[in-house]
Amino acid sequence: MKSGRQSKIIEFVEANDIETQEELASMLNEAGFKVTQATISRDIRELQLTKVTIEGGRQKYALIKNEGPSGSSDKYIRVLCDGLVSMDLAQNILVVKTVSGMAMAVAAALDSLRLEGVVGCIAGDDTIMCAIKTVDDAAHVMARLRKIIADSRK
């Protein structure tokens, strides 16, 4: 799935100094994504990755953050919308169901939103448990997520 692969690319780029498309392809293949150089090239373009200079004059891929009105990257909102299946509250815990295999990507998207009251998220394969400070905050977070998703579909 394209959004899962692109979420993994974002994860790799943010966590590693990736200098070449070959390095990125190798990491993706090891993670179970069968990719070609052409696919990597398209993903880099679509994700608007760019090369930045790091220590020693070397270069690495970096994500250009295009901040939307909510203060979050459009790409993370797209991952959230593509991967989220349902949400439910259990006191101050927001339980998010996702498409199988997308929980980590959706959790990263939730973290990127930096919603007030959210303490942190734990992701499995298709479920995320999002700890929220209070029961009232949990209801506000759920409403805010619904609004973000509705706004992105307009």
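Let us start at Asp43, which sits in helix α3, the stretch covering residues 37-46. The model you are looking at is a predicted one. Is Asp43 buried or exposed? With a relative accessibility of 1%, Asp43 counts as buried, because the cut-off for that label is anything under 20%.

Which residues does Asp43 meet there? Setting aside its neighbours within four places in sequence, Asp43 is in contact with Arg5, Gln6 and Ile9. Two of these deserve a closer look. With Gln6, the side chain of Asp43 makes a polar contact of 2.8 Å. With Arg5, the side chain of Asp43 forms a salt bridge, with 2.5 Å from N to O. This salt bridge ties together distant parts of the chain, since Arg5 belongs to helix α1 (residues 2-15) while Asp43 belongs to helix α3, and 38 residues separate the two. Both partners, Asp43 and Arg5, are buried.

That salt bridge has company: the whole structure holds six of them. Another one joins Lys60 and Asp17, whose closest N and O atoms are 3.4 Å apart. Here too, distant parts of the chain are linked: Lys60 lies in strand β2 (residues 59-63), Asp17 lies in the loop between α1 and α2, and the two are 43 residues apart. Lys60 has a relative accessibility of 17% and therefore counts as buried. Asp17, at 42%, counts as partly exposed.

The loop between α1 and α2 also holds Glu19, which pairs with Arg58 from the loop between β1 and β2, 39 residues away. The side chains of Arg58 and Glu19 meet in a salt bridge of 3.1 Å, N to O. How does this pair stand in terms of accessibility? Arg58 is partly exposed, at 38% relative accessibility, and Glu19 is partly exposed as well, with a relative accessible area of 25%.

Now let us turn from charged side chains to nonpolar ones. In soluble globular proteins, nonpolar side chains tend to be buried together. In this model, the largest nonpolar core has 44 residues, and the members that touch the most others are Leu80, Leu94, Leu110 and Leu145. Which helix gives this core its largest share? That is helix α5 (residues 103-113), which supplies seven residues.

To get a feel for the surroundings of one of these leucines, find Leu94 in the structure. Not counting residues up to four places away in sequence, Leu94 touches Met87, Asp88, Leu89, Ile128, Met129, Cys130, Ile132, Val141, Met142 and Leu145. Leu145 is a name you have just met, as another of the core members with the most contacts to other members.

Technical notes:
Residues are numbered from 1 along each chain as its sequence is written. This is a predicted model: local features need pLDDT of at least 70, side-chain atom pairs count only at pLDDT 80 or more; totals for chains, interfaces and linings use all residues. Side-chain values use heavy atoms; hydrogens and water are left out. A nonpolar core is a set of buried Ala, Val, Leu, Ile, Met, Phe, Trp, Tyr and Cys residues joined through side-chain atoms within 4.5 Å. Buried means under 20% relative accessible area, exposed over 50%, partly exposed in between (1.4 Å probe, protein chains only). Helices (H or I, at least four residues) and strands (E, at least two) are DSSP runs, numbered from the N terminus. Contact means heavy atoms within 4.5 Å. A polar contact is a pair of N or O atoms within 3.5 Å; within protein, one must be able to donate a hydrogen and the other to accept it, and residues adjacent in sequence count only if both atoms are side-chain atoms. A salt bridge is a side-chain nitrogen of Lys or Arg within 4 Å of a carboxyl oxygen of Asp or Glu.
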